Amino acid sequence: MLILILSVLSFNSSALNNEKKVLEIVKVKESPKIDGLLNESVWQNAAVAKDFFQYAPYNGKKPSLPTEIKIIYDNHAIYIAAILSDNQPDSILKDLSTRDSFDEANADLFAVSINTFNDGINAVNFMVSAAGVQSDAKVAGNEDDANWDAVWESAVKITENGWIAEIKIPYSALRFSKEKNQTWGIHLFRNIRRYREWSTWNFVDINVRGFTNQMGELSGINDIEPPLRLSVTPYVSTYLENDAEGNIWNSDFNAGMDLKWGINQSFTLDMILIPDFGQVQSDDEVLNLSPFEVRYDEQRQYFTEGTELFNKGNIFYSRRIGGSPKGSDEVYDNLGADEEVTRNPAETKLINATKISGRTSSGLGVGFINAMTSAVDAEIEDTITKQIRTYQTQGFTNYNMLVLDQTLKNNSYISFVNTNVLHAEENYTANVSGGELRLMNKENSYQIFGRGAVSQIYSDSTDIGHSYFIQLAKTKGNFLCELTHSIESDTYDPNDMGYIRQNNESTWDLEIGYNKNQPFWKVLNWHNEISFRQTNLYNPRKYSDFEVNFRSNTTFAKNYLHLGFFTEAKPFMRYDYYESRVDGWRYNRHKIMYSTIWLSTDYRKKVAINLRVGSWIAFGYDQYGYNYSLEPRIRFNDKWLLIYDLNVRSAFNTYGYIEDYTDAAGNTVINFGERDQQTMINTINTNYIFNNKSSLSLRIRHYWSRVEYTDFHRLQEDGELSNSIGYDTYGNDQNYNYNAFTIDMKYLWRFAPGSEMAIVWKNAIYTSETDILNNFMDNITNTFESSQINSISLKVLYYLDYQYLIKNK
């Protein structure tokens, strides 16, 4: 999250000091009490880090307010005391937020980032706000994982001279070597929210990509032993749920646990037994008319926490584990004359999952994950005899992934990755092996990045495919440039455990950017980028698409108003080889241009607004569309934030696939429909924070999409559409009036470190009809009158740490 927050602050000044700072800290015998008072004697002789540099808005200049950080350590933990001076303590912003949600917080922040192996690539972040709210993240390269949660202590106190943050990071939250004398990489950050000012102890040049590669150093760390890292988090949960018709309420009780064991100083085993993911946020479902699968975000914490290694190679999509059964659609092709499907589970049941991950002192990272799902059966009923039979939609399945990642000098690395999926009962195995490489020069100004993979599917036959991606980039300075080439062969298929939108593609990309980071005139920055992309089929090698994009945005210094502009032009005929759903056929798409502008006001204000307006047109054809979004953000007080998002998209006179078949003469027939599609999405997000340990959140989303067909045509062999084949060919049977309405309400209480209680109410309504309702109130009334699913649940998990129990004993 820290990288995300700082990355969006696109301000800069020339570097004043590129020398790496070093802070030598001392070991103490008595540990301080974490209360924010700093009245223990151990702080008197502590090493002090001061003389910060601005990161933003004036990169390299002296900060507006002084900061001093004291650091000590003992045999159990490292302690940080941040003395954050402020001559206007009444002006310190300290709005409350939920844990790990500082992107929504309007509060001053202090953060420490530690790289125990000092490799310039990997780190862990610990942040605390002036309201006492914690956040943490694990960093790998230029990406951070805010879902990673550690157990650590912090306390803050507002004083007449500013505010103080006191932090204790136990060694159980870190991974480090057994070496007698160690030097760690460290960053110390401060954010003065009312000035929108970030500062760092070690200078961070905004013209250099990345933060971990620009750390200072922490020396003097001697004679510390990695502790036995062993914790268990048992849980119990109970559910009260109704069926889709709302007639029958069922109760359920679950219990399981999460086990974390530090195998040695570098590696951790994380095992979840009898998992329960019933309280995760509802998916943002959409009406999908494309030939491609919709990719939904992972919401299950186990598969989002500590998974940075598994992102290497771009072949792992965790939603495959416990996802839709492979044969869930096949059951409908195996029905008798008088049979119907009465039960068809949408997900497979996860039995358990195990992760092993870590990094050695020599920089070798190792990650392994294994998960198992049980067999799934659909139920089919004979409507005459009422007899029920089962049809297995997926048998027992095992998933695993192995990652080896070796860090190299100059913040470079090389990785090997492998995924394997075994459907033993179906005699089906899917295997993907690949690698990833990043090479940086000493100044971190140029980069070579590449990855490649080979997919192998073993069933009745063997299918082998390949892909690769290679990029040459200038990564430092005002002028930036990237040249990229990628290929996915027509037989490349990683989708048993990964995700690829489409294969059989070859792409060239050129991106050129110029960023004016030094404040000038009335603005703080100015970012510009132009890109060119050409796409071809891989087999056969045929032209598909060409596009040119231009983007420009800036932020004004006086009121922090952010303005942006984007335009996309596709100036030539485009050949779509996927929309027809039949190999060897194409659909000709014509020249278009799309443009959009946006603005965002200052989030420090009680009321802020995000606004975006765009439109597109197809040249020479009566095809056009528009979109707009409006997002007001209202901060009622320091505990309550409400965000409303209205998103509207419309497209008129477009064409899309209806069906294909073989006629009596043996010819392939592909029919398309001419349609208008209008989509409206209303989303409400609100959080009420009672204190830094408990909160109430509510998310309401209504997705409404109308698709009305006005005519039908036949796709011809040259890619063009024939004249009308008559509206009555299908009539209004192809129309959609689709609604997805969901409510997610959650009360969360973190009653002890690592322990929490959650009460969740989930409501879901999904409707799809052919009768179009154009009036919003008529549509929402019809939606609420439809069948719905409700779930009310209580879940309690309790964190038990071996070191804490032994110390207390």
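**View 1. Isoleucine 169 and its contacts in the predicted model.** This is a predicted model. Beyond residues up to four places away in sequence, isoleucine 169 touches Ala77, Ile78, Ile80 and Val112. Its other partners are Ile114, Phe126, Trp152 and Leu174. Ile169 belongs to the largest nonpolar core, which has 38 residues. Ile78, Phe110, Ile169 and Trp184 have the most contacts inside that core. Eight strands are listed as giving two or more residues to this core: β3 (47-49), β5 (67-73), β6 (77-85), β7 (109-115), β8 (122-129), β12 (162-170), β13 (181-192) and β15 (216-222). Another core, of 25 residues, lies apart from it. Its members include Ile272, Phe316, Ile369 and Met401.

**View 2. Threonine 212, a loop residue.** Threonine 212 sits in the loop between β14 (197-200) and β15. Is threonine 212 buried or exposed? It is buried, because its relative accessible area is 5%, and buried means under 20%. Leaving aside neighbours within four places in sequence, threonine 212 contacts Asn115, Gly120, Ile121, Asn122 and Ala123. Val139 and Gly141 complete the set of contacts.

**View 3. Threonine 601 in the loop after β36.** The loop between β36 (592-600) and β37 (607-618) holds threonine 601. This residue is partly exposed, with a relative accessible area of 26%. Its side chain reaches the backbone nitrogen of isoleucine 609 at 2.8 Å. Threonine 601 and leucine 561 are 40 residues apart along the chain, yet their C-alpha atoms are separated by 4.8 Å. Leu561 is also one of the contacts of threonine 601, leaving aside neighbours within four places in sequence. The others are Tyr560, Ala608, Ile609 and Asn610.

**View 4. A nonpolar surface patch.** The patch covers about 850 Å². Its residues are Ile530, Phe550, Phe565, Ile597, Val607, Ile609, Leu611, Val613, Tyr626, Tyr628 and Leu630. Two elements, β37 and β38 (623-635), give two or more residues to it. Which element gives the largest share of the nonpolar patch? That is β37, with 4 residues. Isoleucine 597 is found in strand β36. At 48% relative accessibility, isoleucine 597 counts as partly exposed.

**View 5. The salt bridge between arginine 99 and aspartate 149.** Side chains of opposite charge can pair when their charged atoms come close. Here the side chains of arginine 99 and aspartate 149 meet at 2.7 Å, N to O. The pair links distant parts of the chain, 50 residues apart. Arginine 99 lies in the loop between β6 and β7. Aspartate 149 lies in the loop between β10 (143-145) and β11 (153-159). Arginine 99 counts as buried, at 16% relative accessibility. Aspartate 149 counts as partly exposed, at 24%.

**View 6. Two further salt bridges, and a network.** A search of the whole structure finds 33 salt bridges. Arginine 581 forms one with glutamate 579, the closest N and O atoms being 2.9 Å apart. Arginine 581 is partly exposed, with a relative accessible area of 33%. Glutamate 579 is buried, with a relative accessible area of 5%. Arginine 633 forms a salt bridge with glutamate 631, where the closest N and O atoms are 3.9 Å apart. Both arginine 633 and glutamate 631 are buried. Elsewhere, salt bridges that share partners join Arg99, Asp100, Asp136 and Asp149 into one network.

Definitions and conventions
Residues numbered from 1 in each chain as written. Predicted model: local features only at pLDDT ≥ 70, side-chain atom pairs only at ≥ 80, totals over all residues. Heavy atoms only, no water. Core = buried A, V, L, I, M, F, W, Y, C linked by side-chain atoms within 4.5 Å. Buried < 20%, exposed > 50% of the residue type's maximum accessible area, 1.4 Å probe, protein only. Contact = heavy atoms within 4.5 Å. Polar contact = N/O pair within 3.5 Å; in protein donor to acceptor, adjacent residues only side chain to side chain. Patch = residues over 30% accessible without salt bridge, like charges linked within 9 Å, V, L, I, M, F, W, Y side chains within 5 Å. Areas by Shrake-Rupley, 256 points an atom, 1.4 Å probe, with all protein chains shown as cover. Salt bridge = Lys/Arg side-chain N within 4 Å of Asp/Glu carboxyl O.
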